[in-house]
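Please find below a short note on the salt bridges of this model and on the setting in which they occur. The points are numbered for ease of reply.

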Amino acid sequence: MAYSRDRLGEPVRTFDGRAGDRRTWAWLLLLGPVSLALIPAAVLYLHDGVWWAGVPALLLSMGCAGAVGWIVGRDRPRVRNRVVRLHTGGISITGRGVEAGYTWDELVSVTVSGVRGGHGGHTRWSFTIVVDDGSVMRLGDELPDVRALGVAVAKEVTSRMVARHLAAVKAGEAVAVGPFTVDLDGVEKDGERLPWRAVDDVAIHNGLVTVHACAGRTDLMTVSAQMPDALAFTALCHQVRDLTEDS
């Protein structure tokens, strides 16, 4: 999709996935040959009984090979990568044969997913963005600081979505966000309804979107990574609940 940069406004920040790929490939091109070069030396020294040289060479070769495997598993190097730019009025993406730009109003949904690595590893963030023309963008940690990028996009999409849904609810309509339905009377999921007076809080925690019920009622919940616009849902619920309490 070709686009006019003028309609996206001024560029704010660039997230260049190519820089990370260059570093990754540099380390792979350094460590891989070193690991391979040390193997015949280690075999030769060990065969001749020169243990003081053979054992360190073998361990170093294994260490380099292990580092290569760890880098490949963590960074998943690619031959080409994308450049994403935040603008005052939207987002643009170039790379992989794609050049596209969308205003904030053209982005209709954002799904946020964060998977934490084992043993205290870093969290892999991904953001799935749906455009009003039906196309889908997926932003992952192949982009540097993708969490900041995704949060910025989610903030813009959420603010517009909440405003639209709140206006609809005020007009007496019921709006669906993911598996939930929200109206002036309460919130519902899979046929189970909680009136606003029975809702204690609505929050995202430990990978779940939860409508916390007051004592004696059952919580409503779903997995946040599988729910589009979870942030918008929680914000909408808080605003509608406050609206009903004030009325």
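1. Helices (H or I, at least four residues) and strands (E, at least two) are taken as DSSP runs, numbered from the N terminus. On that basis the chain holds four helices and 14 strands. The model is a predicted one, in which local features need pLDDT of at least 70 and side-chain atom pairs count only at pLDDT 80 or more, while totals for chains, interfaces and linings use all residues. Residues are numbered from 1 along each chain as its sequence is written, and side-chain values use heavy atoms, with hydrogens and water left out.

2. Overall character of the chain. Of the 247 residues, 38% are buried; buried denotes under 20% relative accessible area, exposed over 50%, and partly exposed in between (1.4 Å probe, protein chains only). The chain exposes about 13,700 Å², of which carbon and sulfur atoms supply 57%; the areas come from the Shrake-Rupley method with a 1.4 Å probe, and for residues only the protein chains shown count as cover. Among contacts (heavy atoms within 4.5 Å) with a separation of 6 or more, 53% join residues 24 or more positions apart.

3. Salt bridges. The criterion is a side-chain nitrogen of Lys or Arg within 4 Å of a carboxyl oxygen of Asp or Glu. Seven salt bridges satisfy this rule.

4. The pair in helix H3. Glu156 and Arg160 form a salt bridge whose closest N and O atoms are 2.8 Å apart. Both residues belong to helix H3 (residues 146–170), and because they are four residues apart there, about one helical turn separates them. Arg160 is partly exposed at 26% relative accessibility, and Glu156 is likewise partly exposed at 25%. The pair does not stand alone: Asp105, Glu156 and Arg160 are linked in a network of salt bridges.

5. Which residues does Arg193 engage in salt bridges? One partner is Asp183, with an N to O distance of 2.9 Å. This pair links distant parts of the chain, 10 residues apart: Asp183 lies in the loop between strand E9 (180–182) and strand E10 (186–189), and Arg193 lies in strand E11 (residues 192–195). Glu188 also forms a salt bridge with Arg193, the closest N and O atoms being 3.3 Å apart.

6. Accessibility around Arg193. Asp183 is buried, with a relative accessible area of 13%. Arg193 itself is partly exposed at 32% relative accessibility, and Glu188 is partly exposed at 25%.
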